[in-house]
Amino acid sequence: MHDQASRENEMTPNAVLSSIVASSLLVAASFAHADAALRERANALFKPIPERVTEMNGEKIVEAQVQLGRKLWFDPRLSRSHLISCNNCHNLSIGGSDNVKVSVGHGWQRGPRNSPTVFNAVFNVAQFWDGRAADLKEQATGPLQAPVEMNNTPARIEATLRSIPEYVEEFTKAFGSANAVTFDNAARALAAFETTLITPNAPFDRFLKGDDNALTAEQKEGLRLFMDTGCASCHNGVNLGGQAYFPFGVVKRPGADILPENDKGRFAVTNTASDEYVFRASPLRNVALTPPYFHSGEVWDLEQAVAIMGDSQLGRELNDSEVRAITAFLHSLTGELPQIDLPILPPSSPSTPKPELDLPGQLESSD
Ligand code: HEC
Ligand code: HEC
């Protein structure tokens, strides 16, 4: 008589192999099932970045405006000093922001807030930390004039562009009309260019579209936590944020070192008491590339930013492995950054307004 053990011993090598294969297939099948369930939940909350954006505010994007906008983006002559272009503070080589605490503009002045990335900004419901500009075109008119940024005026910008014959030609071509060189059209061209600053094909996007192997096991756990703990109730949609406004400190207000008392966020836009310290839920695409964090730029470590969010927004002290997993997931939001040719800019003419380096207080009232 054979007992159980000896019967097993009699299994042919092939039988052993096939039972191993069968059981590992079973494990794989259950992983695949778990991945499918995770993907289904995620697809209900988030969307992949599209391959391209073809219209903005219902208007088709015009290629000649994109090309002109690319030049304007890199042209420091849009600033009073001729030293500062949009790319200074939104460097397209390093994630579309500047990686300093708060931006530094005209005359080395420090602005009040950290520079957000311009990558995928086209998908945000409104622009700026407090949403005060409705869209990219309205937004672009801000930094050109802000005294602590490019410190220029619409009239001086128009005079600069009109003094450069190639620009006159390009504006005419891009907008199809005479007298096309206007401040408004410059903002329009910048916005058209910015619609091309998108970063598709992040590992997270590949996971959403069906590739189980696009995320590591830890990133999948992080994604699950991101949904289960409630991060996704504010950070959702195509940009995992950028869609709605919430108090920074819904449950517990962070200290003044992280949330400076003088910046009351959306209150300055709406003048409504309930909007004090309310900010747009940050878009989290490419967040691993854009330290430091928060509008104050006070936090350099993404893990620390995640822990602060758990505490301030959810009243939940995340443990170390939860923080690590969520942070690993956030790293999966880094997409393919567009390869952008550095444009050759048309030269100035003798009538181009000259650079002025003075600080605003020292300016002559010439214009
Ligand atoms: C001196 C640095 C500086 C310069 C130069 C600058 N920006 Fe910004 N940009 C910032 C800062 C800081 C913010 C956030 C300000 C706020 O929210 O109050 C910002 C916000 C933005 C946003 C909003 C993004 C979002 O997610 O809300 C866009 C888009 C943008 N800038 C585009 C531009 C363009 C176009 C130019 C050139 C015309 C430009 N910036 C020049 C510093 C700068
Ligand atoms: C109640 C809404 C809400 C919840 C819940 C929430 N956040 Fe936020 N999040 C915000 C707001 C608002 C900001 C902008 C804060 C500021 O003004 O700097 C933000 C900013 C961030 C930033 C900084 C991004 C940057 O570019 O500076 C990160 C990272 C972040 N959140 C991750 C998370 C994670 C992870 C969770 C879950 C543990 C979470 N958030 C939960 C609303 C929320």
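Q: How do the residues of the shell around ligand 1 divide into nonpolar, polar and charged?
A: This is a predicted model. In it, 25 residues surround ligand 1, and the closest are Cys86, Cys89, Gly105, Phe128 and Pro143. By class, the shell around ligand 1 divides into 14 nonpolar, 9 polar and 2 charged residues.

Q: Which element gives the most to the shell around ligand 1?
A: Two elements give two or more residues each to the shell around ligand 1: helix H4 (86-89) and helix H5 (136-145). The top contribution is 5 residues, and it comes from H5.

Q: How many charged residues has the shell around ligand 2?
A: The shell around ligand 2 is made up of 26 residues, the closest being Cys231, Cys234, Phe279, Phe294 and Met309. Of these classes, nonpolar accounts for 17 and polar for 9. The number of charged residues is none.

Q: Which element provides the largest share of the shell around ligand 2?
A: Phe294 and Met309 are among the closest residues to ligand 2. The largest share of the shell is 6 residues, and the element that provides it is H12.

Q: How far apart do the C-alpha centres of domain 1 and domain 2 lie?
A: Domain 1 covers 55-198 + 338-358, and domain 2 covers 201-331. Contact between them involves 19 residues of domain 1 and 23 residues of domain 2. On the domain 1 side, the touching residues are 7 nonpolar, 8 polar and 4 charged. The two C-alpha centres lie apart by 28 Å.

Q: What share of the contacts in the chain with a separation of 6 or more comes from residues 24 or more positions apart?
A: The chain comes to 13 helices and 4 strands. Its C-alpha trace spans about 110 × 45 × 30 Å along the principal axes. Of the contacts with a separation of 6 or more, the share from residues 24 or more positions apart is 70%.

Q: What separates the C-alpha atoms of Glu356 and Arg80?
A: Glu356 is found in the segment after H13. Glu356 has 19 other C-beta atoms within 10 Å, so it counts as partly exposed. Glu356 and Arg80 are 276 residues apart along the chain, yet their C-alpha atoms are separated by 5.7 Å.

Q: How far apart are the end C-alpha atoms of helix H13?
A: Helix H13 runs over residues 320-331, 12 residues in total. At 1.5 Å a residue, H13 should span 16 Å. The model agrees with that, because the end C-alpha atoms of H13 are apart by 17 Å.

Q: Which helices do the buried residues of H13 pack against?
A: In H13, the buried residues are Val323, Ala325, Ile326, Thr327, Ala328, Phe329, Leu330 and His331. They pack against helix H10 (217-228) and helix H12 (302-314).

Q: Which element gives the most to the largest nonpolar core?
A: Nonpolar side chains tend to be buried together in soluble globular proteins. Here the largest nonpolar core has 37 residues, and Phe226, Ala305, Val306, Ile326, Phe329 and Leu333 touch the most other members. Helix H9 (203-208), H10, strand E4 (278-280), H12 and H13 each give two or more residues to this core. The top contribution is 6 residues, from H13.

Q: How many residues has the other core, which lies apart from the largest one?
A: In the largest core, Ala305 is one of the residues that touch the most other members. Leaving out residues up to four places away in sequence, Ala305 touches Tyr293, Phe294 and Val299. Another core lies apart, with Ile164, Phe175, Ala187 and Ile198 among its members, and its residues number 35.

Q: Which residues does the cis peptide bond join?
A: Most peptide bonds are trans. One exception has an omega of about -5°. Pro292, one of the two partners, is found in the loop between E4 and H12. The cis bond joins Pro291 and Pro292.

Q: Is His82 buried or partly exposed?
A: His82 lies in the loop between helix H3 (63-74) and H4. Phi of His82 is near 60°, a positive value in a residue other than glycine. Within 10 Å there are 19 other C-beta atoms, so His82 is partly exposed.

Q: Is Asn151 buried or exposed?
A: Asn151 sits in the loop between H5 and helix H6 (154-162). Asn151 also has a positive phi, near 55°. With 24 other C-beta atoms within 10 Å, Asn151 is buried.

How values were computed: Residues numbered from 1 in each chain as written. Chains lettered and ligands numbered in written order. Predicted model: local features only at pLDDT ≥ 70, side-chain atom pairs only at ≥ 80, totals over all residues. Domains from an automatic or database assignment. Contact = placed C-beta atoms within 7 Å. Nonpolar A, V, L, I, M, F, W, Y, C, P; charged D, E, K, R; others polar. Expected span 1.5 Å × (residues − 1). Buried ≥ 20, exposed ≤ 12 C-beta atoms within 10 Å, placed from the backbone. Near = placed C-beta within 6 Å. Core = buried A, V, L, I, M, F, W, Y, C linked by C-beta atoms within 7 Å.
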